[in-house]
Amino acid sequence: MRNPLSERIVDIPFSGIRKFFDIAAEMQDVISLGVGEPDFDTPWHIRDEGIYSLEKGRTAYTSNAGLKELKMEIAKYLERRFEVSYDYDTEMMITVGGSEAIDLAMRAMLDPGDEVLIPQPSYVSYVPCAALANGTPVIINLQEENEFRLTAEELRNAITSKTKLLVLPFPNNPTGAIMERKDLEAIAEVIIEHDLFVLSDEIYGELTYLDHHVTIASLPGMRERTVLINGFSKAYAMTGWRLGYACAPKVILEQMLKIHQYAIMCAPTTSQYAAVEAVRNGDADVAQMLEEYNGRRRYLIHRFREMGLSCFEPFGAFYAFPCIKEFGMSSDEFATRMLQEEKVVVVPGTAFGDCGEGFLRISYAYSLEKLKEALDRMEGFITKIRQSK
Amino acid sequence: MEMREKILTFIEKNSRVDLKDLAVMLGVEEATVANELEAMEEEHIICGYHTLVDWEKTSIEKVNALIEVRVTPQRGRGFDSVAERVYNYPEVNAVYLISGGYDLLVTLEGKTLREVAQFVSDKLSTLESVLSTKTNFILKKYKDHGTVIAKPQDDERMLVSL
C-alpha cells in the first residue's frame, strides 16, 4: 500500500502537552491549573436564547458570513468597546471560533515563501496554520524583561524582504502580557514603514486589568492592514459553542469568506442566536467575570511573591507566567515532577515556544478554593526542592 | 465599584473568606477591609452572617411556610406596628411588606405541619388588625439566597487545554 499521508502534514508536530494530559488523566485527586478556558458556565440568559432558537426550529444554515443580526450587533459592540467601525456586510464574518479565523486569514494572505512573524510564547496554532498556508513562520522570542510585550526593535530586527504578516497575540496566552496604546503605536510605525499586514488575535480583549484593551486596528493607518480576530469563548465563557469572528478590509475578508464557504459553510446556527444575546446584553456578565478574575489574579501574584517565585505582573487574559529558572530544572521536568509529587497540573512554558523554557503557564480560571489548594501544594513542592538543594 | 460595594458583593456570597485574602483580591490593605467591615457592622449595613443549611439532608424535620397576610394598617403607624408584632415571634423567619393582592409576606419555620398551623390559627389570625391569612407550605427548595441547593456540578473541563 502507498503511504496514505501528506509529508507536509506529517512534518507538523503534535502539540506538546499530550504526554502530560495522559499522565494526569490516569491520576486521582489531581488539581489542575492547566486549563485554557473560563470556569464559569455561559450566563443563563445566553444559553436560554440558544435553547429558544432550537425550540423555534431555527436549525437551518445561516448565510455563509453569518447572521445579519449578529454581525450588526458585533459592529455596534466594536464601536462601543474598542472604537473601531466595520461594515457588517462586507468587512465581517462569523467563524467557528477564533481558531478558524486564524486559519482563514493565513490561507487568504500567504503565498509560498512569505514570512509570517510570530511572537512567542504564544498560542500553539499560529505556527502550524502558517505552515499549512505555505507560509514560512519566523519566530520572535519575546523577553521577560519587557513583560513579554513586542517591542519595535524586536519587530524591526525580524523583518526581511519576504516578511508579509505579523501575528499579534495580545492579551497573550500563555504569558498574560498586554500591549498598551504606546506599545502598539511604536510597532505600528514599523509595520507601516515596511508595508506589513497584521493578524491581531484579540480573543482575550475583554480580559484586561490595567486599562481598557486597545485594538491595533483603531490606530491611524492600521485598519486597512489588519485582520481583527475576536470571539465569544473567553469573554462570555462560551468555549464549547465554537463561535468567533473576523473583521478585515473587504479585499481580504471576501477571500477568507470564500474558503469558509467551501470548507465550513457557516458557523453553528444555535451558537449564533445565543451570541446575539451575549453581545447585545452581556456587558454586565463580562464585567462581573472580569472582577472575579482580577481578584484571583491579585491573589495568585501575591502567593507567588510570598513563595519568592519570580513573576512579572500579568495584566491580561487569565494566565500568569512565573519563572522557575532558579530550580535548575527544565519547564517540562518541573511540571512533570510537580504533577507526580504534588498532583498539580500546570503547563510547561515550552508548549508555547522554545523561549518559554524556564517558565510555567498557570491559569487562574479556577475558584478561589481550588486556586488556594493548588498553590498550597505548589508552595510545598518549591520548599521541598529548595531544601534539597 | 466603590470599595464598600466590592466588599459587600464578595462577602454576600462568601462571608467566611479570610480577611487577608479578601484584601489581597481587592488590592488594598487588610486594615482597610477590616475598618470598612467594622464600620458597616456599626451602621447595620451588614446585619448578620448566616449559614445556608439544607435541612433536608439532615435527620432534623423542619416545615417552612409562606403566609400571605392581609391587614388593616394602623393610624399613624401604617403597617409597622403589626409587622413588629409578627416579627417578634421567634418562629417567624422573615416579614416583608408586599405590593399587590395582600400586605405582609411572613415566612415561618416550624417542626411540624401542626405547629405551623397552630401558630397561624392561634397567634397570627387572632391579631386584631389581621383580616385574613393564606398559608403556603414549601415542598422543596431549589435555590435559596442565590445559591442552588443541589450539589454543584463537578468541573467538567479537560484537565489541560491550551
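## Chain B at a glance

Just 15% of the 162 residues in chain B count as buried. Keep in mind that this is a predicted model. The radius of gyration tells a related story: a compact globule of 162 residues would come out near 15 Å, while chain B has 21 Å. Put a box around the C-alpha atoms of chain B, along the principal axes, and you get roughly 65 × 40 × 30 Å.

Walking along chain B from the N terminus, you meet its elements in the order α-α-α-β-α-β-β-α-β-β-β. That makes five helices and six strands. Among the contacts in chain B with a separation of 6 or more, 55% are between residues 24 or more positions apart.

## Two domains in chain B

The domain assignment splits chain B into domain 1 (3-42) and domain 2 (55-140). Taken over C-alpha atoms, the centres of these two domains of chain B are 34 Å apart.

## The sheet of chain B

Four strands of chain B make an open, antiparallel sheet, in the order β2-β3-β1-β4. Its edges are β2 (92-97) and β4 (130-137) of chain B; each has a single partner strand, so one side of each has no neighbour in the sheet. From one strand to the next, the twist averages 20°.

Let's zoom in on one pair. In chain B, β2 and β3 (residues 104-110) run antiparallel and are joined by five bridges. Here Ala94(B) sits opposite Thr107(B) of β3(B).

Which helices go with this sheet? Helix α5 (residues 113-124) of chain B packs on it, touching β1, β3 and β4 of chain B, and its direction makes about 20° with that of β1(B). Helix α4 (residues 80-87) of chain B lies across β1 (63-71), β2 and β3 of chain B, at about 165° to β2(B).

## The sheet of chain A

Chain A has an open sheet of seven strands, with mixed pairing and the order β2-β8-β7-β6-β5-β3-β4. The edge strands are β2 (92-95) and β4 (136-141) of chain A, and because each has a single partner strand, one side of each is left without a neighbour in the sheet. On average, and ignoring direction, neighbouring strands are turned by 20° against each other.

Inside this sheet, β7 (residues 226-231) and β8 (residues 244-247) of chain A run antiparallel, with four bridges joining them. Leu228(A) is found opposite Cys247(A) in β8(A). Helix α4 (residues 68-82) of chain A packs on the sheet and touches β2 and β8 of chain A, with its direction at about 115° to that of β2(A). Helix α5 (residues 97-109) of chain A packs there too, touching β2, β5 (163-168), β6 (197-201), β7 and β8 of chain A, and makes about 35° with the direction of β8(A).

## How the domains of chain A meet

Chain A is assigned domain 1 (7-42 + 284-382) and domain 2 (58-281). Their C-alpha centres lie 25 Å apart. How many residues are in contact here? 33 residues of domain 1 of chain A are in contact with 33 residues of domain 2 of chain A.

On the domain 1 side, α11 (283-307) and β9 (319-320) of chain A each supply at least two residues. Helix α11(A) gives the largest share, seven residues. By class, this side has 20 nonpolar, eight polar and five charged residues.

## Where the chains touch

Between the chains, 12 residues of chain B are in contact with 22 residues of chain A. The chain B side divides into seven nonpolar, two polar and three charged residues.

Key
Residues are numbered from 1 along each chain as its sequence is written. Chains are lettered from A and ligands numbered from 1 in the order in which they are written. This is a predicted model: local features need pLDDT of at least 70, side-chain atom pairs count only at pLDDT 80 or more; totals for chains, interfaces and linings use all residues. The radius of gyration is taken over C-alpha atoms; the globule rule is 2.2 Å times the number of residues to the power 0.38. A residue is buried if 20 or more other C-beta atoms lie within 10 Å of its own, exposed if 12 or fewer, and partly exposed in between; C-beta atoms are placed from the backbone. Two residues are in contact if their C-beta atoms, placed from the backbone, lie within 7 Å. Two strands pair if DSSP finds at least two bridges between them. Axes are lines fitted to C-alpha atoms, for helices over the stretch in contact, and angles run from 0 to 180 degrees between N-to-C directions. Domain bounds come from an automatic or database domain assignment. Ala, Val, Leu, Ile, Met, Phe, Trp, Tyr, Cys and Pro count as nonpolar, Asp, Glu, Lys and Arg as charged, and the others, Gly among them, as polar.
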